[in-house]
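Trainee: Could you take one part of this model, the packing on the inside, and walk me through it slowly? I'd like one connected story rather than a list.

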Amino acid sequence: MEASAGSGKTYALAQRYVQLVLDPALRGDRIPVRNILALTFTNKSAFEMKARILQFLKMIALQQLKETDARNLIAPLGIDADQAAETAFATMDYVIRNYNFFQVQTIDKFINALLSGCAFKIGLTSRFRIKTNSYDYLLYSLDAMIDEALHDPDTRALLENFLHQYLYIENRSGWFPKDDILSIICSLFAQYNTYGKPFVPGAAGIEDLIK
């Protein structure tokens with residue numbers, strides 16, 4: 001779900017979660033809480049979503065749900081208020097007894113748990129830690145590339161090619177490039193993490209760019 005801040009994403013996702021829990025077509029003979037995963041960006045959002053889900057279940061169990069919420073939540077499932085109340089009560093009891101299966105968490109926490117479960121297979125120790133200071137590593141990589149350009153002709157040619165193009169685009173006669181290059185690297189790193197796709201070299205060369 002993609003929407004601006006304050007547009008009711010948490011409210012809508014909590015409603016959807018409750019619908020999945022109450023849906024008789026999905027329940028079968030067991031409560032499906034442990035089969036549902038809800039992901040958010042921040043710990044605050046995860047806490048708010050859990051609170052809303054439990055609040056919805058409580059209001060349904062006590063049959064105190066607002067008419068509009070009942071129309072949006074229960075009516076589409078084809079069940080009556082009594083059946084919904086019974087199911088909501090059983091779900092709340094299950095969550096209390098099996099809170100570790102109430103999987104509403106941040107993306108970071110989920111990925112960390114996934115990596116922990118697969119640590120041995122991917123060659124990590126069970127005590128690995130995810131580092132978040134990517135800026136320091138990108139800065140180190142840039143320093144290493146500049147140092148390598150002093151000795152490796154291919155790296156130096158690549159760096160000079162970039163500098164010539166960047167100078168032309170920025171309409172500059174000269175500047176200290178390291179800060180700008182680092183800024184570009186950080187931006188590309190962020191885009192790669194967002195979209196998860198490799199960068200593709202453009203077909204245009206320097207001559208085409210000048211034209």
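Mentor: Let's start with valine 33, which touches Tyr17, Val21, Thr91, Tyr94, Val95, Phe101 and Phe102, leaving aside residues up to four places away in sequence; touching here is contact, meaning heavy atoms within 4.5 Å. Keep in mind that this is a predicted model, where local features need pLDDT of at least 70, side-chain atom pairs count only at pLDDT 80 or more, and totals for chains, interfaces and linings use all residues. Residues are numbered from 1 along each chain as its sequence is written, and side-chain values use heavy atoms, with hydrogens and water left out.

Now zoom out a bit. The largest nonpolar core has 26 residues, and Val33 is among those with the most contacts inside it, along with Tyr17, Val18, Ile53 and Ile60. Such a core is a set of buried Ala, Val, Leu, Ile, Met, Phe, Trp, Tyr and Cys residues joined through side-chain atoms within 4.5 Å. Buried means under 20% relative accessible area, exposed over 50%, and partly exposed in between (1.4 Å probe, protein chains only). H1, H3 and H5 each supply at least two residues of this core, with H3 giving the most, 6 residues. Those labels are DSSP runs, numbered from the N terminus: helices (H or I) have at least four residues and strands (E) at least two. There is also a second, separate core of 6 residues, including Leu138, Ala149, Leu159 and Ile181.

H1 deserves a closer look. Its buried residues are Thr10, Ala14, Gln15, Tyr17, Val18, Gln19, Val21 and Leu22. They pack against helix H2 (24-27), strand E1 (37-40), helix H3 (43-61), helix H4 (67-73), helix H5 (81-97) and strand E2 (103-106). H1 covers residues 9-22, and its end C-alpha atoms are 20 Å apart, in agreement with the 20 Å expected for 14 residues at 1.5 Å a residue; the expected span is 1.5 Å times one less than the number of residues.

Two of those packing partners carry salt bridges too, where a side-chain nitrogen of Lys or Arg sits within 4 Å of a carboxyl oxygen of Asp or Glu. In H5, arginine 97 and aspartate 93 are 4 residues apart, about one helical turn, and their side chains meet at 3.1 Å, N to O. Arginine 97 is exposed because its relative accessibility is 63%, while aspartate 93, at 33%, is partly exposed. In H4, glutamate 67 and arginine 71 also lie 4 residues apart, and their side chains meet at 3.8 Å, N to O.
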